[in-house]
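Me: Please take a close look at a single part of this structure, and describe the sheet and its surroundings in one connected account.

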Amino acid sequence: MTYILKPKARNPRVPVNTLGLTHRDYEGTISTLCAGCGHDSISGAIVQACFELEVQPHRMAKLSGIGCSSKTPTYFLSKSHGFNSVHGRMPSVTTGAALANRDLLYVGVSGDGDTASIGLGQFAHVVRRRLNMTYIVENNGTYGLTKGQFSATNDRGARSKYGVENPYDAIDLCTLALQMGATFVARSFSGDKAQLVPLVKAALRHSGFAFIDCISPCVTFNNHAGSTKSYEYTRGHSRALTRIDLVPEKSEITVEYEEGTSEYVTLHDGSMMRLSKLGPDYDPSDRIGAMTKIQESTAAGEIATGLLYYEPGSANLHDILELIDQPLNTLGEAELCPGSEKLKAINESFR
C-alpha cells in the first residue's frame, strides 16, 4: 500500500553527500507497481541523480497526471513538494506552480497515454512555451491500468499480449518535442542506468524545457515477443548516439585526447570517470539533424538513445514573459498594488 514507509534504520557507513543526506533521504514509499516494472528503475535513477547533484529535497516539486507512471512520484523524494493532477493536465499545473515560484526545481512525470493521447495538446504547448522544467515520459506503449490496450506511442505492426496488431503509426514524442522548440531532448531505456542517470542530472541542470522519453517495458501487458517496447526488443535494437556524463560546476576539469580513444578523469570527489570520445558523426546541437536521426533509426528498426539535442543558453518562460527574479508568490501588497499613479502610467503606455 502506498502509505507504507520504508524502514528508517540504516547502515551507519552508508554514503552521504555534502548535505549529509543519504539515498534514503531521496526515496519515497514502497512501490506498489508490478515486480520488475521499468518505472521503478526510473524512480531509482531520479533518486541517484538528485543524490549526486546534492539537491535539497524541499527545493523540488514533483508533478504527475494519471496512470502507472503518474503513481511513481510517490516512490521518490518524499520530502519534496508534490501534486498529482488529473489525466493529461500535469503541464498546466506545473506552469502555474513554476510561474508562482521560480525558485523550485520542477520535475514532471508522465506516461505515453497521459502525454501522447489525452494530454497531447497540453504537452505541445508546454514545450513551445519553454517552461523551465524536466519532463520525463515513462513510455511503455500500453495502458497498464486498463489492461493493456495500445497507446499512441506503440509502433505500427506491434502485437499486443492478446495477439492484436496495432494498425496505426506511432507518435514519436522526441520528434514532436524537437518540432515544438524543446532545448533539451533525450531518449533512454529504464534498464540502462549508466545512461539514464547522467541524462536526468543534465536535464535537472538545464535552464528551459528538458524532455526525456524513457522506454519502460510493462512487464504485465507489453513484454512479450511481439512488442516493440519489451525488454528484449529494446536491448536488441537500442543504439546509443553518445556516451555522456555530467560534472557539476566547481573548479574546471580539462582533458585532451584523440577521437576514437578513451581517457580516465579524476573528479572532485576523488572518483574516476572514463570518457569515450566518438567521431564527428553525430552533432547534438543540430535540431534538424536530430529529427533526421530519429527517422533514420526508426526506419532501420533501431531505437536511438542518448542526448538527441541540446541548446545551451536558451531563454525559458520566465525570460520570455520578462518576469522579475523574485518569486511572484513572495510579493507583498506594496509590490502588487503600487498605487493609482503607476497604474495610470501603465495604462497610458498602451494608448
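Reply: What follows goes through the sheet, the helices on it, and one residue in a loop.

The model is predicted, and in it eight strands form an open sheet of mixed pairing, arranged in the order E2-E1-E3-E4-E8-E7-E12-E9. The edges are taken by E2 and by strand E9 (238-240), and because each has a single partner strand, one side of each is left without a neighbour in the sheet. On average, and with direction ignored, neighbouring strands of this sheet are turned by 20° against each other.

Within that order, strand E7 (residues 184-189) and strand E12 (residues 303-310) are joined by four bridges in the antiparallel sense, and Val185 has Tyr309 in E12 as its bridge partner. Helix H5 (residues 120-128) packs on the sheet, where it touches E4 and E8, and its direction makes about 140° with that of E8. Helix H1 (residues 38-53), for its part, lies across strand E1 (60-64), strand E4 (133-139) and strand E8 (209-215), and runs at about 155° to E4.

The loop between helix H2 (68-71) and strand E2 (81-84) holds Thr72, which counts as buried because its relative accessibility is 0%, where the cut-off for buried is under 20%. Leaving aside residues up to four places away in sequence, Thr72 touches Leu33, His39, Ser43, Val109 and Glu138. Thr72 also lies 9.1 Å from Gly28, C-alpha to C-alpha, although 44 residues separate the two in sequence.

Key
Residues are numbered from 1 along each chain as its sequence is written. This is a predicted model: local features need pLDDT of at least 70, side-chain atom pairs count only at pLDDT 80 or more; totals for chains, interfaces and linings use all residues. Side-chain values use heavy atoms; hydrogens and water are left out. Helices (H or I, at least four residues) and strands (E, at least two) are DSSP runs, numbered from the N terminus. Buried means under 20% relative accessible area, exposed over 50%, partly exposed in between (1.4 Å probe, protein chains only). Contact means heavy atoms within 4.5 Å. Two strands pair if DSSP finds at least two bridges between them. Axes are lines fitted to C-alpha atoms, for helices over the stretch in contact, and angles run from 0 to 180 degrees between N-to-C directions.
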